[in-house]
Amino acid sequence: MKHWMILVCLFLFSVPAFAGEQHLYIYNWTEYMPDEVLTAFQEETGIKVIYATYDSNESMYAKIKLTRGKGYDVVFPSTYFVHKMRKEGLLSPIDHEALTHFQHLDPVLMDQPYDPGNEYSIPYVWGSTALAYNRDQVAPETMTSWKDLWRPEFKNRLVMNDDLREVLGVGLIINGFSVNETDPDRIHAAYESIRTLLPNIRVFSGDSPKQPLLNLEAYAGMVWNGEAYMAAQEFPSIEYAYPKEGAIFWVDSMVIPAGAENKAQAHQFIDFILKPEIAVQVCEYIGYAPANRTAVDLMPEAVKNNPMIFPDPEEVKKGEFQTDVGDAILVYQRYWERLKTGN
Amino acid sequence: MNERQRFKFIAVFLNMGWFAVFVLVPGLMVIGISFTTRDTATFFGLPVTLAQYRELLDPVYAGVLVQSLVYSLNTTLLCLGISYPFAWLLSRSPGHRRPLLLMLVIIPFWTSSLIRTYALVILMKANGIINTLLMKAGLVSEPVSLMYTDFAVYVGLVYSLLPFMVLPLYAVMEKMDIRLVEAARDLGAGGFQVFFRIVLPLSLPGVMAGCIMVFLPAMGLFYVPDLLGGAKTMLMGNFIKNQFLTAMNWPFGSAASVFLLLIMGLMLVIYFGLSRRFNRYQQVP
């Protein structure tokens with residue numbers, strides 16, 4: 001009996017011994033930051049990083065919301081979730097004065113409607129959702145439009161993101177509507193279009209849309225550009241194409257939750273990520289374009305000119321950025337359930 | 001209180017406390033939330049309503065339920081078909097070899113079932129182990145489509161849940177008095193009659209326990225149809241997850257969970273009813 005009491009006491013008294021050490025809790029997308037960057041940060045600052053990952057904005061949001069922004073110090077939500085979380089008071093303002101590398105940020109991506117003045121968010125990387133295909137099975141000249149996904153030779157050969165906004169978004173685009181549509185009739189039209197695409201869809205991939213392409217299960221589909229980039233590194237026949245109707249674009253930002261306990265360290269980390277050489281390292285690993293203008297100048301020509309990472313500005317202009325659709329998400333959800341149950 | 005009593009008290013108290021905090025309280029919360037209204041700012045809010053349950057009657061959701069029931073039922077039948085002869089052989093194998101054979105059933109389950117599901121992907125993908133072997137052997141000229149089919153989903157579900165069927169079956173079969181089988185044979189019963197009149201009735205409690213232990217979790221293993229079936233169907237597990245995460249509709253997700261709980265409760269009631277009747281039947285001399 002006495003032995004375990006001694007153990008408990010030892011444990012209780014040992015806690016203060018850790019107190020001198022600084023910690024930083026990071027919550028990020030899977031495969032979204034190279035380990036070397038985290039190690040470099042720990043070596044430079046002596047701050048111990050505790051790293052956790054998520055695979056959807058929704059699961060990240062639920063967790064942050066439930067704990068009222070406590071438990072994590074830096075999180076990486078996408079545009080429309082920054083908007084939502086800011087509105088709901090889940091974010092803590094970011095002190096631009098504390099960021100010595102702030103001036104490297106690309107002004108094109110700053111001061112957007114989802115966070116005017118970037119009071120609560122600092123852009124991390126940006127990217128697109130467009131067409132990917134395997135050159136061995138699909139001729140490049142036949143992949144120019146979202147409508148090409150409907151071609152009969154793709155029967156049971158497509159991979160789609162398991163994301164209702166993006167899949168129904170494609171349906172909206174081919175009907176000539178915005179991907180941020182809130183009108184139920186238009187969302188219904190998108191649903192009707194996607195329903196006719198179902199026979200071609202082999203898999204909805206939530207964890208890693210590049211896998212079905214690499215495994216030769218799918219010949220084409222809709223994927224994020226970084227997934228296509230990573231797949232092409234492994235298997236050069238994978239190509240990426242921007243459809244003529246326009247791709248879906250998004251920005252992922254770094255934010256500090258309102259309840260974060262290590263805000264100073266969080267600022268230190270954000271500043272570290274803004275270092276141009278670190279931004280280059282991140283981009284080369286994950287294949288998404290950094291929101292860092294100086295970093296782009298530092299990149300080798302081959303990377304800088306890779307349209308998979310850096311689309312033509314014309315393509316960006318044609319495309320659309322996702323925003324929060326509010327309660328219309330319930331309409332999307334309902335059609336999504338109908339798609340998945342074959343009703 | 002002496003040492004032994006104290007130990008008993010602590011052990012029982014810890015267990016009950018654990019269940020109260022991590023099972024009972026969350027369960028009651030789910031039931032409570034199912035009567036509230038969706039509110040994106042606070043997850044759920046007033047007024048208190050039965051609207052969520054009314055909404056569940058919509059044909060779309062009936063479709064989700066039917067799909068889940070069909071998958072679970074087929075998985076249960078497949079598990080039963082595979083496990084029954086296996087458990088029988090296991091229970092009739094020499095005593096010194098049984099622990100080893102049982103270990104072989106259990107060892108794979110020391111690995112997370114998610115990781116084992118990914119392992120199945122490596123086996124079944126178009127350029128995976130099975131297809132490479134088939135092509136090398138010249139049996140097929142093009143990879144066979146295994147992944148993202150119902151076949152793959154059933155392989156995953158059956159593989160994940162098999163021991164839950166094997167173990168209860170083994171437990172009853174091991175205790176079965178083999179002399180009853182011998183007596184039946186002496187009295188002229190054929191193999192068919194021995195099975196249906198002796199072995200099957202005696203193993204029925206194991207069959208029922210196994211079926212419940214496979215059927216219920218099969219409804220909830222949402223990542224198996226997601227990873228192996230390509231997320232093309234929606235089962236109750238996925239549906240509830242989506243209601244909570246994507247639609248931010250906690251009350252509706254809770255109502256669906258309560259509904260699922262009720263179905264499971266109903267099955268348990270049937271199970272206990274049957275096993276009580278069965279026990280009475282056994283006691284008749």
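The paragraphs below go through a predicted model with chains A and B, from confidence and chain B to the contact between the chains, the domains of chain A and the nonpolar core.

Because this is a predicted model, local features are described only at pLDDT of at least 70 and side-chain atom pairs count only at pLDDT 80 or more, while totals for chains, interfaces and linings use all residues. Residues are numbered from 1 along each chain as its sequence is written, and chains are lettered from A and ligands numbered from 1 in the order in which they are written. The model scores ipTM 0.75 and pTM 0.80. In chain B the mean pLDDT (the predictor's confidence in each residue, from 0 to 100) is 87, with 97% of the residues of chain B at 70 or more.

Chain B is built from twelve helices and two strands, where helices (H or I, at least four residues) and strands (E, at least two) are DSSP runs numbered from the N terminus. Along the sequence the order of these elements in chain B is α-β-β-α-α-α-α-α-α-α-α-α-α-α. Among them, strand β2 (residues 43–45) of chain B has the lowest mean pLDDT, 81, whereas α7(B) has the highest, 93. The C-alpha trace of chain B spans about 70 × 70 × 45 Å along its principal axes. Of the 285 residues in chain B, 30% are buried; a residue is buried if 20 or more other C-beta atoms lie within 10 Å of its own, exposed if 12 or fewer, and partly exposed in between, with C-beta atoms placed from the backbone. Among the contacts in chain B with a separation of 6 or more, 69% join residues 24 or more positions apart, two residues being in contact if their C-beta atoms, placed from the backbone, lie within 7 Å.

Where the two chains meet, 22 residues of chain A and 24 residues of chain B take part in the contact. On the side of chain A that touches chain B, the elements giving two or more residues are α3 (57–66), β7 (201–205) and α14 (329–341) of chain A, and α14(A) gives the most, with seven residues. By class, this side of chain A holds eight nonpolar, six polar and eight charged residues; here Ala, Val, Leu, Ile, Met, Phe, Trp, Tyr, Cys and Pro count as nonpolar, Asp, Glu, Lys and Arg as charged, and the others, Gly among them, as polar.

Chain A is assigned domain 1 (22–124 + 251–310) and domain 2 (127–249 + 317–341), with bounds that come from an automatic or database domain assignment. The C-alpha centres of domain 1 and domain 2 of chain A lie 26 Å apart, and their contact takes twelve residues from domain 1 and 14 residues from domain 2. Helix α4 (residues 79–87) of chain A supplies four residues, the largest share of the domain 1 side, and that side divides into seven nonpolar, three polar and two charged residues.

The largest nonpolar core, a set of buried Ala, Val, Leu, Ile, Met, Phe, Trp, Tyr and Cys residues joined through C-beta atoms within 7 Å, has 159 residues, of which A:Leu168 and A:Ala220 touch the most other members. Helix α7 (residues 150–175) of chain B gives the most to this core, with twelve residues. Domain 1 and domain 2 of chain A both give residues to this core, so it lies between them. Beyond its neighbours within four places in sequence, A:Ala220 is in contact with residues including A:Leu131, A:Tyr133, A:Phe154 and A:Leu158.
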